[in-house]
Amino acid sequence: MAKPSPVSESSAHVDLLHALPVVAESTTSRVLVTNDVMRIVQFTFDAGEMLTEHTSPRAVSVQLVSGRMRFTVDGTEHSMGDGDVIYLAPGASHALVAETACRMTLVMVDISA
């Protein structure tokens with residue numbers, strides 16, 4: 001479990017390309033920030049890796065930092081490339097398939113806090 005990051009304290013997360021490399025035939029993740037209102041997670045996916053359909057009770061911003069992936073939201077597939085962003089409303093069903101090695105940052109916001 002990641003160490004809580006108080007809302008009242010700023011933080012910096014640098015050199016993530018080296019700290020969280022793409023691992024062959026794997027999906028990896030690192031929680032960067034977690035507190036009562038926000039959770040930020042960086043993921044890496046090797047080509048062909050996927051996340052099966054699921055939902056989140058939080059509002060979610062997904063930014064594909066690098067690579068190409070197919071990201072499905074409520075049954076609609078989106079082809080994503082470097083820098084593309086998708087917003088997920090709370091409860092939106094979503095899944096993904098990495099077409100190439102990818103790096104993705106997820107920001108989850110608790111809208112009830």
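Is Glu25 buried or exposed? I looked up its relative accessible area and got 69%, so Glu25 is exposed. My cut-offs are under 20% relative accessible area for buried, over 50% for exposed and partly exposed in between, with a 1.4 Å probe and protein chains only.

**Ground rules**

I am working on a predicted model, where local features need pLDDT of at least 70, side-chain atom pairs count only at pLDDT 80 or more, and totals for chains, interfaces and linings use all residues. I number residues from 1 along each chain as its sequence is written, and side-chain values use heavy atoms, with hydrogens and water left out.

**Whole chain**

I noted one helix and nine strands. Helices (H or I, at least four residues) and strands (E, at least two) are DSSP runs, numbered from the N terminus. The order along the sequence is α-β-β-β-β-β-β-β-β-β.

I then checked the overall dimensions. The C-alpha atoms fill a box of roughly 40 × 35 × 25 Å along the principal axes. The radius of gyration is 14 Å, which agrees with the value near 13 Å for a compact globule of 113 residues. That radius is taken over C-alpha atoms, and the globule rule is 2.2 Å times the number of residues to the power 0.38.

Of the 113 residues, 35% count as buried. The accessible surface comes to about 6,500 Å², and carbon and sulfur atoms hold 55% of it. Those areas come from the Shrake-Rupley method with a 1.4 Å probe; for residues, only the protein chains shown count as cover.

I also looked at contacts, meaning heavy atoms within 4.5 Å. Among contacts with a separation of 6 or more, 61% join residues 24 or more positions apart.

For charge, I found 7 positive and 13 negative side chains, with the centres of the two sets 6 Å apart. Lys and Arg count as positive, Asp and Glu as negative; His and the chain ends are not counted. Each charge is placed at NZ of Lys, CZ of Arg, CG of Asp or CD of Glu.

**Positive phi**

Back to Glu25. Its phi is positive, about 55°, although Glu25 is not a glycine. Glu25 lies in the loop between helix H1 (16-19) and E1.

Asp74 is another non-glycine with a positive phi, about 45°. I placed Asp74 in the loop between strand E5 (69-73) and strand E6 (76-80). Asp74 counts as exposed because its relative accessibility is 54%.

**Two threonines**

Thr28 sits in strand E1 (residues 27-34). At 19% relative accessible area, Thr28 is buried. Which side chain does the side chain of Thr28 meet in a polar contact? I found Thr44, at 2.2 Å. A polar contact is a pair of N or O atoms within 3.5 Å; within protein, one must be able to donate a hydrogen and the other to accept it, and residues adjacent in sequence count only if both atoms are side-chain atoms. Leaving out residues up to four places away in sequence, Thr28 touches Leu20, Pro21, Val23, Gln42, Phe43 and Thr44.

Thr105 belongs to strand E9 (residues 102-109). Thr105 is buried too, with a relative accessible area of 16%. Its side chain makes a polar contact with the side chain of Gln42 at 2.8 Å. Beyond four places in sequence, the contacts of Thr105 include Ile40, Val41, Ser61 and Val62.

**Met104 and Leu64**

Met104 is also in E9. Met104 counts as buried, at 1% relative accessibility. From Met104 to Phe43 I read 61 residues in sequence and 5.1 Å in space, C-alpha to C-alpha. Past four places in sequence, the contacts of Met104 include Phe45, Leu64, Met69, Phe71 and Leu96.

I followed that list to Leu64, in strand E4 (residues 59-66). Leu64 has 0% relative accessibility, so I logged Leu64 as buried. The C-alpha atoms of Leu64 and Met80 are 7.1 Å apart, with their positions 16 residues apart along the chain. Among the contacts of Leu64 outside four places in sequence are Met80, Gly81, Cys102 and Met104.

**Ala47**

Where is Ala47 placed? I found Ala47 in the loop between strand E2 (38-45) and strand E3 (50-54). Ala47 counts as partly exposed, at 41% relative accessibility. The C-alpha atoms of Ala47 and Thr100 are separated by 4.2 Å, though the two are 53 residues apart along the chain. Outside four places in sequence, Ala47 is in contact with Ala98, Glu99, Thr100 and Ala101.
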